[in-house]
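Me: I'd like to learn how to read a structure like this one, feature by feature. Could you walk me through it?

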Protein chains: 2
Amino acid sequence: MKVICNQSELMNALNIALRAVPSKTSYPVLECFFLKADAEQLVITTNDMEIGIETRLSCRVDTPGKIAINARIFSDIVRKLPEDIVFLETDKDYIMMITCGKAKFKISGTSGEDFPPLPDYEKTNVVKMSQYTLKEMISKTIFAISANENNAIMTGECFEVEGDKLRITALDGHRIAIRNIQLRAESDKCQVIIPGKTLNEISKIMSGNIDDEVCICFMDRQVIFEFGTTVVVSRLIEGKYYNVNPMINSSYLTKVIVNKKDFTDCIDRAILLVKESEKRPVIIDIRDGVMSFNMNSSIGTMDEDITAMKEGNDLTIGFNPKFLMDALRAVEDEDITLYLTTAKQPCFLRDAEDNYIYLILPVNFVGR
Amino acid sequence: MKVICNQSELMNALNIALRAVPSKTSYPVLECFFLKADAEQLVITTNDMEIGIETRLSCRVDTPGKIAINARIFSDIVRKLPEDIVFLETDKDYIMMITCGKAKFKISGTSGEDFPPLPDYEKTNVVKMSQYTLKEMISKTIFAISANENNAIMTGECFEVEGDKLRITALDGHRIAIRNIQLRAESDKCQVIIPGKTLNEISKIMSGNIDDEVCICFMDRQVIFEFGTTVVVSRLIEGKYYNVNPMINSSYLTKVIVNKKDFTDCIDRAILLVKESEKRPVIIDIRDGVMSFNMNSSIGTMDEDITAMKEGNDLTIGFNPKFLMDALRAVEDEDITLYLTTAKQPCFLRDAEDNYIYLILPVNFVGR
């Protein structure tokens, strides 16, 4: 293999591919970039057996070839090269010579014959959207997935396409986060559960520009994200996702409109008194024109009132303040609307168009 | 105690005082701020028994008083308060009420009677300089102290005043870093060893502005740094510092002038091939007009040539590349001058005025 490419373009591609290099593996070839030079392009593949990434860059290929090369070492070297033309040359023993300016490195690779290839796929069942939208919708729901591996389904997000609508749902048994997205075109109906780890990784490598597109192909056992010169393939979580529709009815007995910043600041201060070892709720007292917050833990007490517009019943209700905080942070509106029923029933934070629905279960509390 | 102060001024003072709050201690009162309100000011004291900090802010004192209050909890609360007037009020049971805007907190403190006071001191043997200079001189020497607690003297820096000169020395047995500073006035002769930890902490809390002054008082067992409204008292390291003068003679057989950036970039790339488990040197071959670098480890090899102006003998010499890197980073000149004798004798990186002297011992190497 003999390839001539640009240092910064190579580095950008390696940074993307690095996201699917496992930090620990008992299968050494997975710690490598699999490089394939052919037809004026260098294709870089990585695979941690959950996520596979293939990314490519244009370059001059003098001699086509393949090599597997340790990903950390190769990327560390390329990162420190001057911004110049990089020459990559391998010999029959899979020694790679890296030359850039006056710097010359030699490192050993392997044939990469044992590198697991990414699966072939056909582009059926495709949804397109801006990278900005996908990245935003992931970040505004993913906090609600569960970190507990015992329930695999809760560690992923449900992507559901019907007509020209995409619904993304995350839940962990204490709360539900839902985002509804209007697609540009109709698509076949489908429902998949995508691992949270995959969504985090693609969020990190997508540009997130509003003008850059991402193409999502839903398959039986895999999901493919295509954007720019990169393809990410991920396994899906097997199983049937929860039917959340019965839980998200729109009846309520108390409706409160409150300034998001006031509410967030209050919860931010209440969280100061949370200790990992004792799960104390923030208790919210909803009356005409005012929401009163009280937090009481072994650290101390906090009390604060904020103005609010209330319709319906007065209510005293307790919440895990972190769950309120996560939902508040995910909402971009200046004023938010809460819908409540009783101190035992879920609270909803939703907009009129149901672009977002955040459901939070209350916490029992004893007296004040 | 009843005090009215400004949230951001209080927070700034707490951030300074936090630096002497130990993260682990078997003496709970040391985890506290000791607050004393009196005569239109609030004095905040912290003490980890190595370093003590006293910082003050102007405020309205309605009722003078004292309290010891958990430093992490109190500073976390103050950080999250709105930028507004803060009311601090304590009762006879040492419960502190913190009120700011509509937010009210209550946390428990203690009398602080067992809080260890900072020692009294008289301002004798005082050196004054700009905070910028002190901060710079610390950062450009402190990398050369030893992390190994077995040799206490090497974990500190020697501050030596003679006439209108201050010399700061750090060494770890493999290298020496010296900075000479011209003082504005003559001072009494003295030599102290200041713990590296103290120097790191004061570097973090000094503004570092060229117009802000710091006053250093050298005492028998302590050193005091006074700046702004803050006083930092630190213990000194006991013992006699090494006499480095015989080691820093100015004879040489090889002199090399080289561009600092070229040299730094080269070493930066050589370090990529360093593995913790095998200490391989970078080997530098000095010939007429050129320095050739070679690094060879189990990861791979690196070779690079840079242009250099040489006077005197050719020389091949090996170094720990990290030691070269530390010294190179501490020099602000565009071109640097190296003075060498043989492959077994130290290399000097120094300027004509001896503002800085960096001595690095070479490393033995076998063949190429």
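Reply: Sure. Start with an inventory: chain A has 6 helices and 24 strands. Keep in mind that this is a predicted model. The C-alpha atoms of chain A fill a box of roughly 80 × 50 × 35 Å along the principal axes.

Me: What percentage of the residues in chain A is buried? And how much of the contact in chain A joins residues at least 24 apart?

Reply: Buried residues are 39% of the 368 in chain A. As for contacts in chain A between residues at least 6 apart in sequence, 68% of them join residues at least 24 apart.

Me: Where should I look for a sheet, and in what order do its strands run in chain A?

Reply: Follow the pairing from strand to strand. In chain A, 7 strands make an open sheet in the order β11-β12-β24-β23-β22-β16-β20, with antiparallel pairing. Its edges are β11 (156–171) and β20 (309–312) of chain A, each of which pairs on one side only. On average, neighbouring strands of this sheet are turned by 20° against each other, direction ignored.

Me: Can you zoom in on one edge and tell me what pairs with β20(A)?

Reply: That's strand β16 (residues 254–259) of chain A, which joins β20(A) through 4 bridges in the antiparallel sense. For a residue-level handle, take A:T254, which stands opposite A:G312 in β20(A).

Me: Which helices go with the sheet strands?

Reply: Helix α4 (residues 196–205) of chain A packs on the sheet, where it touches β11 and β12 (175–195) of chain A. The direction of α4 makes about 65° with that of β12(A). Helix α6 (residues 321–329) of chain A lies across β12, β23 (347–350) and β24 (356–360) of chain A, and it runs at about 175° to β24(A).

Me: Hairpins next. How many residues lie between the strands in the hairpin of β3(A) and β4(A)?

Reply: There are 3 residues between the strands, and A:M49 in this hairpin takes a positive phi near 75°. The strands themselves, β3 (residues 41–47) and β4 (residues 51–58) of chain A, pair antiparallel over 7 bridges. One place to check is A:V43, whose bridge partner in β4(A) is A:R56.

Me: What else does β4(A) pair with?

Reply: Strand β15 (residues 230–235) of chain A, again in the antiparallel sense, over 5 bridges. There, A:I51 has A:S234 in β15(A) as its bridge partner.

Me: Now the helix question: why do the buried residues of α2(A) sit on the same side?

Reply: The general idea is that an α-helix has 3.6 residues a turn, so residues three or four places apart point the same way. In α2(A), the buried ones include A:A71, A:F74, A:S75, A:I77 and A:V78. They cover an arc of only 160° around the axis, which puts them on the same side of α2(A).

Me: And the nonpolar cores?

Reply: In soluble globular proteins, nonpolar side chains tend to be buried together. Here the largest nonpolar core has 109 residues, and A:Y358, B:F33 and B:I69 have the most contacts inside it. Leaving out residues up to four places away in sequence, B:F33 touches B:L14, B:A17, B:I44, B:T46, B:I69, B:A71 and B:F74. A second, separate core has 108 residues, among them A:I16, A:I53, A:A103 and B:L324.

Me: Is B:L338 buried or exposed, and why?

Reply: B:L338 is buried, because it has 26 C-beta neighbours inside 10 Å, and the cut-off for buried is 20 or more. It is found in strand β21 (residues 335–340) of chain B. Its contacts, apart from residues up to four places away in sequence, are B:V256, B:C347, B:F348 and B:L349. The C-alpha atoms of B:L338 and B:F348 are 5.6 Å apart, though 10 residues separate them along the chain.

Me: What does an opposite case look like?

Reply: Try B:A352, which is exposed, with 6 other C-beta atoms within 10 Å. You'll find B:A352 in the loop between β22 (347–350) and β23 (356–360) of chain B.

Me: Last one: how many residues does each chain give to the contact?

Reply: Chain A gives 22 residues and chain B gives 22 residues. On the side of chain A that touches chain B, the largest share, 7 residues, comes from β19(A). That side divides into 9 nonpolar, 3 polar and 10 charged residues. Strands pair between the chains as well: β9(A) and strand β19 (residues 300–312) of chain B run antiparallel, joined by 4 bridges. In that pairing, look for A:F105 opposite B:M302 in β19(B).

Definitions and conventions: Residues are numbered from 1 along each chain as its sequence is written. Chains are lettered from A and ligands numbered from 1 in the order in which they are written. This is a predicted model: local features need pLDDT of at least 70, side-chain atom pairs count only at pLDDT 80 or more; totals for chains, interfaces and linings use all residues. A nonpolar core is a set of buried Ala, Val, Leu, Ile, Met, Phe, Trp, Tyr and Cys residues joined through C-beta atoms within 7 Å. A residue is buried if 20 or more other C-beta atoms lie within 10 Å of its own, exposed if 12 or fewer, and partly exposed in between; C-beta atoms are placed from the backbone. Two residues are in contact if their C-beta atoms, placed from the backbone, lie within 7 Å. Helices (H or I, at least four residues) and strands (E, at least two) are DSSP runs, numbered from the N terminus. Ala, Val, Leu, Ile, Met, Phe, Trp, Tyr, Cys and Pro count as nonpolar, Asp, Glu, Lys and Arg as charged, and the others, Gly among them, as polar. Two strands pair if DSSP finds at least two bridges between them. The arc is that of the directions from the helix axis to the C-beta atoms. Axes are lines fitted to C-alpha atoms, for helices over the stretch in contact, and angles run from 0 to 180 degrees between N-to-C directions.
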